[in-house]
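Biologist: I would like a close look at a single part of this model, explained slowly enough for someone in a first year of study. Please take the cysteines as the part to look at, and then connect them to their surroundings.

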Amino acid sequence: MIKVGLNGYGTIGKRVADAVLKNSRFQLVGIVKYTPDYSSKMAFKKGINIYVPPEKWRDFESQGVTPKGTIQEFLEESSIIIDASPSGKGFANLSLYKAAGKPAIFQGGEKPEVAELSFSTYCNYDEAVGRKYLRVVSCNTTGLLRILCVLHKEFNVKRARVLVIRRGADPKEDARGPINSIKLESVEDVSHHGKDAMLVLPNVKIISQAVVVPTTLMHVQYLDVEVATPVIKEQVTEVLSRYARILLVDPKKTGLDSTSKLIEAARDFLRSRNDIYENVVFENSILVSGNSISLIQAIHQESIVVPENMDALYAVAGVKLPLEKVVEETDKLLGIGG
Ligand code: NAD
């Protein structure tokens, strides 16, 4: 079994940790925690090993959480590190991993230079195999790239224009906003999402703009895509429906016409933490005319990158399986498409 260590056990880290625990190819060595909060206690009760900075050891013990070891021991015992630290901290952690000679997978909040390759499964899995350092792109970029790479493979995408309607904060983030505004994400002409996506899909011109809205549940994206030759709607829906990580939802038949209803459905389907790993494409929103395809999709920011983190582990570990099998294993264990 390949020994995986998780540095950072917040929104992304705890979800990826649970995914690793489900996969018998990997062994979760443990997690690094920096404060002895309720999630440390929950992880400890679940039997997950907790590694801490040496100076914090007593704080953890005083909260009834006995650490398994220090960060140094965590590094020694792990074969691959998944870094899910707050944006920017991963870059600082890189030197620790390099000094310990350990491969690592970073998240989208880091600058691209943190890794050899920015990664999105459907786009560049084969290129990622055997790499030492990968960066799984951010939630919005993962959602964007999944659909663009699927369309590109089939229809040869020439350019894409994207409007990202970004959630203001994650549900737990009570200090972020906006509370009563729709705000431009950036004062630049474009948002970073398109540029980030083009690192992975360089031959497609992707231009994105973004606004931030007072909601915590999901992002919504509007895409306007130009492909090489004329297509019809049936071709587009048929292609999208081949991929389990893209969920076509018909609001007329299902009543699901909003992010809040999607999250409620995820609760009703007993998805862990109401996670939706799939891009939810509203079927009625797919408009096709000549070479142009437009659509609206919803992206659950807290969980969308979990499958890609798992696939990244396969790639870095050099598991000898073709892309389709890797995706099949990850999807099955996470209940994707089910
Ligand atoms: P988070 O704040 O929820 O969790 C980060 C965790 O890292 C916390 O538990 C914190 O205690 C711990 N930590 C603190 N200092 C650390 C250090 N030096 N090294 C390692 N861990 C440390 O953050 P998050 O939302 O899970 O984001 C993690 C990364 O994932 C970021 O790069 C972010 O941009 C990216 N990401 C976040 C989302 C999202 O919607 N939350 C989606 C996709 C990608």
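**A close look at the cysteines**

Modeller: Please keep in mind from the start that this is a predicted model. At 23% relative accessibility, C123 counts as partly exposed, and this residue is a good place to begin, since C123 and C149 form a disulfide in which the sulfur atoms are 2.0 Å apart. As a general point, a disulfide is a covalent bond between the sulfur atoms of two cysteines. When the whole structure is searched, one disulfide is found. C123 belongs to helix 6 (residues 121-128) while C149 belongs to helix 7 (residues 139-155), so the bond ties together parts that lie 26 residues apart in sequence. The angle about the S-S bond is 105 degrees, and the link of C123 and C149 is right-handed.

The partner, C149, is buried, with a relative accessible area of 8%, whereas C123, at 23%, is partly exposed. A further cysteine, C139, is also worth a look: C139 is buried, with a relative accessible area of 17%. The closest cysteine sulfur to that of C139 is the one in C123, and because the two sulfurs are 16 Å apart, they are too far from each other for a bond.

To place these residues in the wider chain, we can turn to the domain assignment, which gives domain 1 (2-137 + 305-334) and domain 2 (139-299). The C-alpha centres of domain 1 and domain 2 lie 26 Å apart, and the contact takes 24 residues from domain 1 and 18 residues from domain 2. Between them, domain 1 and domain 2 bury about 1900 Å², with 55% of that area on carbon and sulfur atoms. Seven salt bridges are counted between domain 1 and domain 2. Elsewhere in the list of charged pairs, D275 forms a salt bridge with R15, where the closest N and O atoms are 2.9 Å apart.

Finally, strand 14 (residues 279-282) is covered on both faces, with N279 and V281 buried on one side and V280 and F282 buried on the other. Strand 14 pairs with strand 13 (residues 246-249) in the parallel sense over four bridges, and I246 has N279 of strand 14 as a bridge partner. Strand 14 is also joined to strand 16 (residues 292-299) by two bridges, these two strands running antiparallel, and the bridge partner of V281 in strand 16 is Q297.

Definitions and conventions:
Residues are numbered from 1 along each chain as its sequence is written. This is a predicted model: local features need pLDDT of at least 70, side-chain atom pairs count only at pLDDT 80 or more; totals for chains, interfaces and linings use all residues. Side-chain values use heavy atoms; hydrogens and water are left out. A disulfide is a pair of cysteine sulfur atoms within 2.5 Å. Buried means under 20% relative accessible area, exposed over 50%, partly exposed in between (1.4 Å probe, protein chains only). Two strands pair if DSSP finds at least two bridges between them. Domain bounds come from an automatic or database domain assignment. Contact means heavy atoms within 4.5 Å. Buried area is the accessible area (1.4 Å probe) that two parts lose on being put together, summed over both. A salt bridge is a side-chain nitrogen of Lys or Arg within 4 Å of a carboxyl oxygen of Asp or Glu.
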